[in-house]
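Dear colleague,

Please find below the structure that I promised to hand over, together with its sequence. My notes on it follow.

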Amino acid sequence: MELYNKLIDETNKLLQGKKSISWDYNPSDAWPDNGSAELVLRSDSAFELGADGLGSANYILHTTNPDYVNKDETILYGPDLTKLRSDTPFARIVLIRVGVLDDDDEVVYRTLKDIEFCKYHVYPVGYMVRMSPESFREQVRISKDAVKRHISFKAVGASYIKKYKENANVLNVKVIFVTDPSIDYNALTVTANMADKITSTLTHILEGIPTDCSVCQLKDVCDEVEGMKELHFGAAAKQAARKNNTEASRS
């Protein structure tokens with residue numbers, strides 16, 4: 001699954017040269033989990049990450065290449081949660097190395113979606129997440145109580161990694177948090193948008209879109225993303241073979 005590798009390179013380039021800190025994953029570092037979404041009222045919050053009017057981006061990228069992700073870790077660009085005093089721009093980017101997925105294309109796609117949906121099942125105490133898939137934003141309201149208890153991105157990152165690694169296909173996870181105001185969040189949003197287009201194209205491929213590139217609305221994505229055309233025509237060939245086998249069995 002190398003369709004997203006170019007976007008990983010672009011992400012690394014956007015963060016290159018910026019000061020960061022990293023923590024190796026330890027399950028015991030995970031922040032306590034509510035088990036369900038928590039409501040943090042504005043009056044009870046210390047500040048908000050990715051608040052309205054500020055930069056915000058959220059996306060996940062898959063790879064099978066260990067050169068991109070070779071261990072479980074959390075990386076932070078910018079101030080940690082206990083250092084923040086007001087609303088700040090924010091991004092959460094997750095890079096996941098998966099095992100080589102040689103199964104049927106539809107099974108591979110469902111596996112990737114199952115991994116992606118893990119993000120909707122992490123509920124750190126005092127950390128209320130609101131996502132906007134249409135704009136690729138993620139806003140997080142941090143409670144005053146959580147700040148008093150010294151909540152940190154190290155702990156929240158461990159919570160996400162722990163959840164992702166419940167999936168047997170996940171080998172390593174790199175969770176990247178960004179609060180540095182000097183980062184180009186608009187560029188990160190463009191990358192998030194492209195990641196979404198790749199995933200959407202996978203969906204359409206599995207639904208059996210035409211292989212005539214001259215009439216395909218997704219031609220631009222296939223042209224830009226290495227390996228997408230091969231996947232498209234490979235899926236079409238498999239669908240045709242299944243159809244022929246079904247017709248043969250009926251005759």
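Phe47 stands opposite Ile142, a residue of strand S7. I should say at once that this is a predicted model, and every remark below is to be read in that light. The two strands concerned, S2 and S7 (residues 137–143), run antiparallel and are joined by four bridges.

These strands belong to an open sheet of three strands, in which the order is S2-S7-S6 and the pairing is antiparallel. Strand S2 (45–49) and strand S6 (127–132) are the edge strands, each of them pairing on one side only. From one strand to the next, the twist averages 15°. Helix H4 (residues 153–164) lies across S2, S6 and S7, and its direction makes an angle of about 60° with S6.

The aromatic residues deserve a separate paragraph. A pair of aromatic rings is described by the distance of the centres and the angle of the planes. With rings counted as a pair when their centres lie within 6.5 Å, the model contains four aromatic pairs. In one of them, the ring centres of Phe90 and Phe153 are 6.2 Å apart and the planes meet at 15°; since planes under 30 degrees apart count as stacked, this pair is stacked. Phe90 lies in strand S5 (residues 90–98) whereas Phe153 lies in helix H4, so the pair ties together parts that are 63 residues apart in sequence. Both Phe90 and Phe153 are buried. Ring pairs also bring in Phe177, which forms a cluster with Phe90 and Phe153. A further contact to a ring involves a charge: the charged end of Arg92 sits over the ring of Tyr160, at 4.2 Å from its centre.

Next, the loop between H3 and H4 holds two residues that you may wish to inspect, Ser152 and His150. Is Ser152 buried or exposed? Its relative accessibility is 17%, and because the limit for a buried residue is under 20%, Ser152 counts as buried. Apart from its neighbours within four places in sequence, Ser152 is in contact with Asp80 and Leu81. His150, by contrast, is exposed, with a relative accessible area of 61%.

His150 also leads to the matter of backbone angles. Most residues other than glycine have a negative phi. His150 is not a glycine, yet its phi is positive, at about 65°. Phe136 is another residue other than glycine with a positive phi, in this case near 60°. Phe136 is placed in the loop between S6 and S7, and with a relative accessible area of 13% it is buried.

Finally, I turn to helix H1 (residues 5–15). Which residues of H1 are buried? They are Asn5, Leu7, Ile8, Thr11 and Leu15. Because these residues cover an arc of only 155° around the axis, they are on the same side of H1. After H1 comes Gly17, which has a positive phi near 85°.

When you open the model, I would suggest beginning with the pair of Phe47 and Ile142, and then turning to the stacked rings of Phe90 and Phe153.

With kind regards

Note on methods:
Residues are numbered from 1 along each chain as its sequence is written. This is a predicted model: local features need pLDDT of at least 70, side-chain atom pairs count only at pLDDT 80 or more; totals for chains, interfaces and linings use all residues. Side-chain values use heavy atoms; hydrogens and water are left out. Two strands pair if DSSP finds at least two bridges between them. Axes are lines fitted to C-alpha atoms, for helices over the stretch in contact, and angles run from 0 to 180 degrees between N-to-C directions. Contact means heavy atoms within 4.5 Å. Buried means under 20% relative accessible area, exposed over 50%, partly exposed in between (1.4 Å probe, protein chains only). The arc is that of the directions from the helix axis to the C-beta atoms. Rings of Phe, Tyr and Trp (its six-membered ring) pair if their centres lie within 6.5 Å; planes under 30 degrees apart count as stacked, over 60 as edge-to-face and the rest as tilted. A charge sits over a ring if NZ of Lys or CZ of Arg is within 6 Å of the ring centre and within 35 degrees of the ring normal.
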